[in-house]
Amino acid sequence: MKKITALLLALLMGLTLLSGCGSGTADAPATTPAPTQPSPATPASPGTPSTPAPAASSGDLMVCFASDPETLDPAKNSSVDGATMLENCFSGLYAYDTDASGNIILVPDCAEAIVEPVEIIDGKYQYVVTLKPGLKWSDGQELKASDFVYAWNRAVDPATLADYQYIFDVIDGYDDVHPNLNISCDDNARTITIATSAFCAYFNQLLAFPTYFPVRKDIVEANPEAWATNVNTYVTNGAFKISDWVVGSYIKFVPNENYWNAGEVKLSSLTFAFSDDSDAIFANFENGTYQAIRNVPPSQIPMLKETRLDYDFIIGDYIGTYFLQFNVESSFKPGLTTVGKTAADWSGWTPEQNAQVRKALSLFIDRNYIVDEVTMSGQMPAFGFVPKGMDDGTGTEFRAKAEPWWKVGYNDYDANCNEAVEILRQWYDYNEATGKFTNFPVFEYSINPTAGNLAICAAIQDMWNDYGISTTVDQRAWNVIQTALTEGDFTMSRLGWIADFNDPVNFLEIYLSVSGNNHPRLGKAGPVGGGAYYGAGKNAVWSEAFDALITQIKTTSNLADRAKVMYTAETVLRDVYAVLPIYYYTDPYMASPDLHNFIHSPLGFIIFRYAYLS
Amino acid sequence: MSAKMAKYIGKRLLLAVVTVLLTICITFTVMHAVPSSPFNKAKALPPAVIIALEAKFGLDKPLTEQFFIYLKNVLRLDFGDSIYFRGVQVLDILKGGFKTSATLGLSAAALALAVGVFLGSLAALGREGIGDKLIQVVTTAMVSLPSFVLALLLLWTFGVWWPILPTRGDMPLGSLMPIISLSLYPMAYVTRLTRSSMLDVLGQDYIRTAYAKGLVKYKIIFKHALRNALTPIITYAGPMIAYIVCGSFVVEQIFSMAGLGKHFINSIQNSDYTMIMGTTILLSVVMVTLNFICDILYTVVDKRVDFS
C-alpha cells in the first residue's frame, strides 16, 4: 500500500513537472485566453467566433480612452466615455461636425435641416423636425419618427432608471416622477413635433446629445436591460455598428452600411480598447497599437509638451472647471480650533463674515503656479465659475464679458494676498514678524486621491500654510466621497464639472436649492436657519436670490436679456464664495499624425464618423 | 481509506463550507458599512431614479432581509445583475474573468514550477559555483521586485523599445508577457526552495548510502534526491496556485485583461455590491477548495500528518 502511494505520488510529481514544461513553453502562447473567451456580453451567441483584437492596418483604427463603459444604452449612459462610443454608433436629429476653418458646428444628421422654433401659447415654443427620407437602422429596418418619440418617453420614465432623465426638463410636460412629454410624431410625414416649456437657447445642442438618440421599441421591449449588452440585439443607426464586444477588453465597430451617409465613412473598423492604466495606455500608443488615447500619464506631459506638442500630443479644449467647494454650514468663527457646524459655533459669527473668510482663502491661491507647475497641460487659471469656452447665447464668450471674481495675472498674486490678509486681520490674530495668522481654525481638505488631486492639494496647502492656515487632508475613495458630499459631511472638497452642453445654465443650475449637486448646501436647512443666503451683506434667502434668477434664465426668450440674468446669477454665486474656481480644464490627448478628420468636441466627445488613416 | 482519514476529510470539508459562509457574512457586513452608494454619480441622479434603482436591486429592504435573500439566491447560483454594468449578469462576468485568470495563473504556475525546480536543482548540484551564485543573485532580485515594476518593465522593454511581443492580453500571443510577469516571483521562490531542500536531502545518509551502493548518479538525483526534495515545494505550490489563479490586479490592469483581479478591485471602487459579493464568493471558493485539496494531498505525501 505504502509503495503504491509513493509510486502514485512520484507519478503525480512527474506529471506536474511535465505539464509544467508543456504549457509553460509551448502551449501557453497558443492559448490566448481573452479573445477566445465567450464574452459575457454575448450570452446569446456562444457560437459566434470572436476575432482577435484587430492589428493596426490602414483603415483599422484602435483607440483607448478609458475602461469599460457602464452601459451603451443611450438613455442610461452618463459617462463621457460611453457618450463618445454612442456618438460614433448612433445618429441623432443633429450632430457635431467641423466647418471649413475647424470650428465645431451643429449639422443636421437624421433631420433634414436645423429648424427654428415657433412660439406657441404661454411662452411655449414648438419645433417641427422632419427626418431625412429612407433612414434605416443597422439591421435594415426603417427608422421612423416614432422611434425618437419612443426613446425620449422611455428616457424620462423613472422606471427606465436613466441617469440623464433631467436633460429632458426643457420639454413641456417634463416631471421626474410623472412625466408626460409634449411631443408627437407623424411617421408618414416623417415629422417630430416638440414643445419646450419655454424658450431654450441650447435645445439644438440637446438634439445632438446621446440621451436624445433614438432606440427601437421592439428591440428594447424584448430585452429591456440586456439589449444594449448583446452584439446581436444592439441595433444602432449611426456611422458604425457593433461587431464584437469582449467585456473588459474591447468593443469593435464596423461601418454601418445602412447609415444615411455611409459612403463618406472611410474606416474599415473602429475599436475602442479598454484600459485604465495610463502607463500601459501610453506604451500601447508608443508602439502603434492605439492610434488615439486619452489619460496621458502626468509624468510624461512635460516631455510631450516640450517635444511633441501639436505633433501627436494635442491639448484639446474641454469646457469644464476644477474648483474647491465649501460646506457653507461650517463656521470659521475665530477662537475655534477646528471649524464647526453646531449652533454654538455660529453664535456671534455671521454667514457674511464666513463668506469673507472663504474669499480670503481663495485670494491666497496662486492659480498660475497650479496650472504652470502642477497640472501643466495648458489649463487656464480660473477667474469665475462658468468655464472658458462657454458662449452666453448671443455669440459672445461668457468669460470675456463676465465680471472676474479676482485677478489672475502673474503680477496680481501679491496684491491678492495683501487683500486677503487685510480681510482676515479683522477677526484673527496676525503675527507681523512671521506674516502668519496664529488662531485660524484648522479644517479638512477632502479629496479622492488621484495623483492630480493630491498634487494640487499639496500646492494649495503650502500656499495657505505660508499664512498660518492649516488644513488636514481627508482622502476618501471616489464613491465614498460622493456620498459625503451629497450628505454635507465635509468642510471643503475639490470637484470638477464638465459641461453637458455649451450653455452657462448648465453650470449655474448646479446651485439651485433643490439640486442634488448643490454640495455647499446653499439654501438648504442648516444651523443658521432654513434656506439661508450665507452671502455677503444680504438678507434674502437663497431661493429668492438665486433660484429665481435661474427660473428667469430658463424662461427668457430674448437672448441678450437672458445673458444679462446669467451674468447677474454668477455674481450672486460669487458673493457667497462657496465655490472657488481653480482652473479651466483642457483635454490633453494623443492622436497619431496619420489619423485625420476626426472631431474633438469641447464637451469631451471624440467622433470618428468620417475619420481615416493615411 | 481509513475511518480516521474519512473523518478527517469530512471535518475539513465542513470547515471549508463554514469558511465560505463566514466570508460571505463578513464581506456583506463590511461592504454595507462603507459609507458609499453605487448610485452616487458625479452628476447627481434624480431622486425618483435613485428610489427606483434601490427598489430594483432590493437595497430598500432592511440589511438582514437583504442578506438572507442574497444567501438564498446564491444557493441557487443566482448572483444577480451587476449594479454598475447595466443589464449584465454577475455570473457571466465571473465566468469570463475566471477563465482569463485561471488560464493565466495555471500557465504561470506551471512555468514557475518547471523552471524553478530545474534551476533550483541545478544550483544545488553546482553548489557555490558560478551558476549557483548567478541564480542566487537573480532570484533575490526577482523576489524583491514588485510585480507592477516588473510588468511595466516587460511592457516597455519587449512592447515598445524592442517591440517583439504584443502588449495587450487579447492579441495573439498576448498572454505571453502577463504569464511571464506572473510567474517570475513564484519561479524565483521555487528555485530557492528547491535549492535549499535539495542541499538538505543531498546531505542525508541515504544519499550517501546510495552512492556507496554504486547507483548511477542521475538515478540518485532524480529518484532519491529530487523526489524527496519536492515535498516542501508541493506544500508551497498549493497556496501559490490558489493565489495566482485568483488573478492579479496589477498584471491584468497593465496588459488590459479582464480577469478576476481587475473585476474585484473595480467592483469595490464602483460600490458594485453584487459584483463584490460574486467575486468574493468565487475567490473564497477557489481558495478553500485548493487548500482543501492541499490538505488531503498533504496526508498522502507525509504519513506523519496527524488526523486528529
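Let's begin at a single residue: A:Ile105 is partly exposed, because 13 other C-beta atoms lie within 10 Å, and the class of partly exposed residues sits between 12 or fewer for exposed and 20 or more for buried. Bear in mind as we go that this is a predicted model. A:Ile105 belongs to strand β3 of chain A, which covers residues 104–108. Setting aside the neighbours within four places in sequence, A:Ile105 is in contact with A:Asp97, A:Thr98 and A:Asp99. There is also a long-range relationship to look at in your viewer: A:Ser601 is 496 residues away from A:Ile105 in sequence, yet the C-alpha atoms of the two are 9.5 Å apart in space.

From there, let's turn to a sheet in chain A. Four strands, in the order β4-β5-β7-β6, make an open sheet with antiparallel pairing. Which strands stand at its edges? They are β4 (118–119) and β6 (183–186) of chain A, and each has a single partner strand, so one side of each has no neighbour in the sheet. The partner strands of any sheet are joined through backbone hydrogen bonds, in a parallel or an antiparallel arrangement. For β6(A), the pairing with strand β7 of chain A (residues 191–196) is antiparallel and runs over four bridges. If you would like a landmark there, find A:Ser184, which stands opposite A:Thr193 in β7(A). A helix joins the picture here too: α4 of chain A, residues 145–156, packs on the sheet and touches β6 and β7 of chain A. The direction of this helix makes about 160° with that of β6(A).

Another strand of chain A deserves a visit. Is strand β10 of chain A (residues 269–274) largely enclosed or largely open? Five of its six residues are buried, so β10(A) is largely enclosed by the rest of the structure. Two pairings of β10(A) can be traced. With strand β1 of chain A (residues 60–66), β10(A) pairs in the parallel sense over six bridges, and A:Val63 stands opposite A:Phe272 in β10(A). With strand β9 of chain A (residues 250–255), β10(A) pairs in the antiparallel sense over four bridges, and here A:Phe253 has A:Leu270 in β10(A) as its bridge partner.

Now for chain B, which is built from helices: 13 of them, with zero strands. The C-alpha trace of chain B spans about 85 × 60 × 30 Å along its principal axes. Of the 308 residues in chain B, 43% are buried. Among the contacts in chain B with a separation of 6 or more, 73% are between residues 24 or more positions apart.

One pair of helices inside chain B makes a good example. Packed helices in general are described by the angle between their axes and the distance between those axes. The axes of helix α5 of chain B (residues 130–144) and α7(B) come within 8 Å and cross at roughly 140°. An angle of that kind makes α5(B) oblique to α7(B). The crossing of α5(B) and α7(B) is left-handed. On the α5(B) side the contact is made by B:Ile135, B:Thr139, B:Met142 and B:Val143, and on the α7(B) side by B:Leu184, B:Tyr185, B:Ala188, B:Tyr189, B:Thr191 and B:Arg192. Sorted by class, this contact has seven nonpolar, two polar and one charged residues.

Finally, let's see how the two chains meet. Their contact takes 69 residues from chain A and 65 residues from chain B. Several helices of chain B supply at least two residues each to the side that touches chain A, including α2 (47–56), α6 (147–161) and α13 (273–301). Which helix gives the most to that side? It is α4(B), with 14 residues. By class, the side of chain B that touches chain A has 35 nonpolar, 18 polar and 12 charged residues.

For a close-up of the meeting of the chains, look at helix α7 of chain A (residues 278–286) and α6(B), which pack at an angle of about 10° with their axes 10 Å apart. That angle makes α7(A) roughly parallel to α6(B). The residues in contact are A:Asp279, A:Ala280, A:Ala283 and A:Glu286 of α7(A), together with B:Leu152, B:Leu155, B:Trp156, B:Gly159 and B:Val160 of α6(B). By class, six of these are nonpolar, one is polar and two are charged.

How values were computed. Residues numbered from 1 in each chain as written. Chains lettered and ligands numbered in written order. Predicted model: local features only at pLDDT ≥ 70, side-chain atom pairs only at ≥ 80, totals over all residues. Pairing = 2+ DSSP bridges. Contact = placed C-beta atoms within 7 Å. Nonpolar A, V, L, I, M, F, W, Y, C, P; charged D, E, K, R; others polar. Axes fitted to C-alpha atoms, helices over the stretch in contact; angles between N-to-C directions. Parallel < 35°, antiparallel > 145°, perpendicular 65-115°, else oblique. Left-handed = near helix turned anticlockwise from the far one by under 90°.
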